[in-house]
Amino acid sequence: MTFLNYLISGISLGSIYAIIALGYTMVYGIAKMLNFAHGDVIMVGAYICFYAVSRYSLPPLVGVILAMLVCTVLGIVVERLAYKPLRSAPSLAVLITAIGVSYFLQNAALLLWSSNPKVFPNAFVINTIDEAGNPVVQSSIDLFGGQLKVSFVTIATIAICIVIMLALLWFTSKTRLGKAMRACSEDKGAAQLMGINVNATISMTFAIGSGLAAIAGVLLCSAYPTLVPTTGSMPGIKAFTAAVFGGIGSIPGALLGGLLLGIIEIFAKAYISTQLSDAIVFAVLIVVLLVKPAGLLGKQIREKV
Amino acid sequence: MANKLNTLNKTNRWNYITYLLVIIAYVILQVMSSTGSISSSLKGMLVPICAYVVMAVSLNLTVGVLGELSLGHAGFMSVGAFTGVTAAVSLQNLIPFAPLRLAVSMVVAALFAALAGFLIGIPVLRLKGDYLAIVTLAFGEIIKSIFNNLYVGLDESGFHFSLLSDTTDLSENGTLIIGGPMGIGSIQKISTFTAGFILVMITLVVVFHLVNSRAGRAIMAIRDNRIAAESVGLNITKYKMMAFVTSAALAGSAGALFAMNYSTIVANKFDFNTSILVLVFVVLGGLGNMLGSIIAAAALTILPEALREFSDYRMLVYAIVLILVMLATNNPTLKSFLARLKPGKRGEKEAA
């Protein structure tokens, strides 16, 4: 049962990584840039939701929607101001700019919301009444006669991840905009010749990625409730790793990479060593990349001579 | 002197100008610090600046000359810092003369970092582009995790190592050198600005000689067109490894210099953010341009200090400056404007 418990928390953490990794992978696929500021968008989303819920006592769902709106706008604004002028610049220049944006967001958050850790409220609870008639806040569900305890956050995270994944797969394969996105990631020049507005499509990708980052931020902070301005950086790096793990640019790859990374991390923590769990995660990544140099589901591009 | 400079070819001329500028900067700063005309905060930053300059130049060898993006350069700095300080502590009685001890421990640090670079290079250099970058990032994080959990002690019977928990079991007069997450405490501060300057000069000599040698041209050929380089019979792995290991060794000695400027050092100091910081120096200074790396490293290390008057806003300003500089240097209008200012420049660049 403990094994099952670890597996479920691994899948839950992996789902969060997967949602963040989606943002990385979509932006990489279309703009061929590593958006290092993505992790900090997660943090912004979490802060917006935190303030909406605990300061202005809005219902959690409104908080999440507000966070998504703010992050979507943030994503578009950052893309327009910082990345769009560098469309034809060398990729390293864009990378450094992304790092600059990341510093900017972290320090702006530090000034706006201070470095004091905020305790994120758990929105995934049910108010019930126990046998004696007292109101009880229930945050988890017992299965198999109490042997397995699964919190609502975990269930919600996994469910939301599946919904997002299905929605995105439908979006990229069936809708006009999704097809435009795929066309741009395949060949920007040809896409433009076919009448696709490449710039608008790239903005759209950033918007979707940032909106997803807001959801990931809320889920992350519901599961691990300490919120500080650097909350997003480590999950950001891990999710980036997950995206590469699954093959960067591939949406199912991001899901697979995220889930595997989460499961490996939790298992390493549980069975090997808490302190070395990060090292183990990265070691597995290295081994995978040596066997499959383009990630698990990545396309191996043959070089033409 | 000017005549001699004119007879040299363009690359060599720039190399000599770089040496000259570094020496001038050293002399000026040395004079200023001995007359007490620079602030104590700047004085305290002289050694870190030297260490970052060496880091930037060595990373430029990987990113600019070899053309592979490395996101784990701080890992080699970490290896150098920890092995260097360990060497310095264990040689304390054997070599009482501090500068010599510093030099020996920097050599030890460079050797260990080179070894780490070699071992990491075997898998890393098989990959390409962003995959290579992510694996260097992964190695940087692994090195950080290991040093965060490594315990090294020294007593009469030699070194004792343990991982995860302190089971070194030292005798009474043994000392615990590396204490896991606590890092190394009570380091003797034997790094000096002069030592830093010498290290910068050695780094420049090594890098310039490598770049201007047959091997250096081979490395650049691989960067520009791997397939063409391979087809004329260049041993890709050998030359890539040569650049990567040299870069790692120099970073290692910079780490030792850096660590022995502080009384304590922890593994978390050399994390992903440090790697990124050095990468920022390299990109801002210009890929393959060593003088640019030196200036960027020195300027950006001082900048947060110089922005002190903005107090809380300084890192925000730093971020904005970084973004604006990247936007400005890559602005096509500005680029063509600058090219028009210097008529000869553009043609030369394209010819080179």
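**A two-chain model, from one contact outward**

B:Ala138 touches A:Phe282, A:Leu285 and A:Ile286, leaving aside residues up to four places away in sequence. That is a good place to enter this predicted model. B:Ala138 sits in helix H6 of chain B, which covers residues 129–148. Is B:Ala138 buried or exposed? Its relative accessibility is 0%, so B:Ala138 counts as buried. The cut-off for buried is under 20% relative accessible area. Within its own chain, B:Ala138 can be placed against B:Phe272. These two residues are 134 positions apart along the chain, and their C-alpha atoms are separated by 9.4 Å.

Now the scores. The model as a whole has an ipTM of 0.81 and a pTM of 0.83. For chain B the mean pLDDT is 82. In that chain, 91% of residues reach 70 or more. Where in chain B is confidence lowest, and where is it highest? It is lowest in helix H15 of chain B, residues 343–351, with a mean of 46. It is highest in helix H10 of chain B, residues 236–259, with a mean of 91. The pLDDT is below 50 over residues 345–352 of chain B. Beyond near neighbours in sequence, that stretch has three contacts in the model.

Take chain A as a whole next. It has 11 helices and six strands. Its radius of gyration is 20 Å, and the globule rule gives 19 Å for 305 residues. The two values are close, so chain A is as compact as a globular protein of that length. Along the principal axes, its C-alpha trace spans about 75 × 45 × 35 Å. Of the 305 residues in chain A, 52% are buried. Consider contacts in chain A with a separation of 6 or more: 71% of them join residues 24 or more positions apart.

The surface of chain A comes next. Its accessible area comes to about 13700 Å². Carbon and sulfur atoms account for 66% of that area. Chain A carries 18 positive and 10 negative charges. The mean positions of these two sets are 12 Å apart.

Two residues of chain A stand out by backbone angle. Most residues other than glycine have a negative phi. A:Lys32 has a positive phi, near 50°. Where does A:Lys32 lie? It lies in the loop between helix H1 (2–31) and helix H2 (38–55) of chain A. Its relative accessible area is 46%, so A:Lys32 is partly exposed. A:Ser114 also has a positive phi, near 60°. Its place is the loop between helix H4 (91–113) and strand E1 (118–119) of chain A. A:Ser114 is partly exposed too, because its relative accessible area is 29%. Partly exposed covers the range between the buried cut-off, under 20%, and the exposed cut-off, over 50%.

Chain B can be read in the same order. How many helices and strands does chain B have? It has 15 helices and three strands. A compact globule of 352 residues would have a radius of gyration near 20 Å; chain B has 21 Å, which agrees. Its C-alpha atoms fill a box of roughly 70 × 55 × 45 Å along the principal axes. Buried residues make up 52% of the 352 in chain B. For contacts in chain B with a separation of 6 or more, 72% are between residues 24 or more positions apart.

The surface of chain B comes to about 16200 Å² of accessible area, with 64% of it belonging to carbon and sulfur atoms. This chain has 24 positive and 16 negative side chains. The centres of the two sets lie 16 Å apart.

Two further residues of chain B show the inside and the outside. B:Thr86 is in helix H4 of chain B, residues 73–90. With a relative accessible area of 10%, B:Thr86 is buried. Which residues does B:Thr86 touch, not counting residues up to four places away in sequence? They are B:Val152, B:Phe159, B:Ile177 and B:Ile178.

B:Gly36 lies in the loop between helix H2 (10–35) and helix H3 (40–65) of chain B. At 54% relative accessibility, B:Gly36 counts as exposed. Its C-alpha atom is separated from that of B:Ala248 by 36 Å. Along the chain, B:Gly36 and B:Ala248 are 212 residues apart.

Conventions: Residues numbered from 1 in each chain as written. Chains lettered and ligands numbered in written order. Predicted model: local features only at pLDDT ≥ 70, side-chain atom pairs only at ≥ 80, totals over all residues. Heavy atoms only, no water. pLDDT = per-residue confidence, 0-100. Helix = DSSP H or I, 4+ residues; strand = E, 2+ residues; numbered from the N terminus. Contact = heavy atoms within 4.5 Å. Rg over C-alpha atoms; globule rule 2.2 N^0.38 Å. Buried < 20%, exposed > 50% of the residue type's maximum accessible area, 1.4 Å probe, protein only. Areas by Shrake-Rupley, 256 points an atom, 1.4 Å probe, with all protein chains shown as cover. Lys, Arg positive; Asp, Glu negative; His and termini not counted. Charge placed at Lys NZ, Arg CZ, Asp CG, Glu CD.
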